[in-house]
Amino acid sequence: MGSGTTGIAARQLGRDFVGIELNEPFIRLAVARIREAGAASGGIS
């Protein structure tokens, strides 16, 4: 899942996605970035 860039792109395109990440710091980063992108676009977070 990394930093969540693919998840953000999926959300922007109205797609579902599943992200898998082993490193906890990246999980927190990805969740925060995806939520922030959703809030910025008026989407569900």
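Is Ala-39 buried or exposed? Select Ala-39 to begin: at 57% relative accessibility, Ala-39 counts as exposed, where buried means under 20% relative accessible area, exposed over 50%, and partly exposed in between, with a 1.4 Å probe and protein chains only. Before going further, note that this is a predicted model, in which local features need pLDDT of at least 70 and side-chain atom pairs count only at pLDDT 80 or more, while totals for chains, interfaces and linings use all residues. Residues are numbered from 1 along each chain as its sequence is written, and side-chain values use heavy atoms, with hydrogens and water left out.

**The whole chain**

Display the full protein as a cartoon, and two helices and zero strands can be picked out; helices (H or I, at least four residues) and strands (E, at least two) are DSSP runs, numbered from the N terminus. Along the principal axes, the C-alpha atoms fill a box of roughly 30 × 15 × 10 Å. Colouring by accessibility would show that, of the 45 residues, 16% are buried. A surface view corresponds to an exposed area of about 3600 Å², with carbon and sulfur atoms supplying 56% of it, the areas coming from the Shrake-Rupley method with a 1.4 Å probe, and only the protein chains shown counting as cover for residues.

**Helix α2**

Return to Ala-39, which lies in helix α2, and draw a distance to Phe-17: the two are 22 residues apart in sequence and 18 Å apart in space, C-alpha to C-alpha. Ala-37, also selected here, is found in helix α2 and counts as partly exposed at 23% relative accessibility. From Ala-37 to Phe-26, eleven residues away along the chain, the C-alpha separation is 16 Å.

**The N-terminal segment**

Select Gly-2 next, in the segment before α1 (5–12), where a relative accessibility of 24% makes Gly-2 partly exposed. Leaving aside neighbours within four places in sequence, Gly-2 is in contact with Glu-21, Phe-26 and Ala-30, contact meaning heavy atoms within 4.5 Å. A distance drawn between the C-alpha atoms of Gly-2 and Ile-27 reads 7.5 Å, although the pair is 25 residues apart in sequence. For the protein as a whole, among contacts between residues at least 6 apart in sequence, 53% join residues at least 24 apart.

**The loop**

Move to Ile-20, in the loop between α1 and α2, which is exposed with a relative accessible area of 68%. Ile-20 and Ala-32 are twelve residues apart in sequence, with 15 Å between their C-alpha atoms.

**The largest pocket**

Now show the largest pocket, which holds about 190 Å³ of space. Of its twelve lining residues, the closest to its centre are Met-1, Phe-17, Ala-30, Val-31 and Ile-34. A pocket here is an open set of points on a 1 Å grid over the protein atoms alone, where a 1.4 Å probe fits, with protein on both sides within 12 Å along at least five of seven lines, and lining residues have an atom within 4 Å of a point. Helix α2 (residues 24–41) gives the most to this lining, with five residues. By class, the lining has seven nonpolar, two polar and three charged residues; Ala, Val, Leu, Ile, Met, Phe, Trp, Tyr, Cys and Pro count as nonpolar, Asp, Glu, Lys and Arg as charged, and the others, Gly among them, as polar.

**The annotated stretch**

Finally, select residues 1–31, where UniProt, in an unreviewed entry, places the feature "domain: DNA methylase N-4/N-6"; such annotations may be inferred rather than shown by experiment. Over residues 1–31 the chain is 52% helix and 0% strand, with the end C-alpha atoms 10 Å apart.

Technical notes. Grid points are joined across faces, edges and corners, and a volume is the space filled by probe spheres set on the points.
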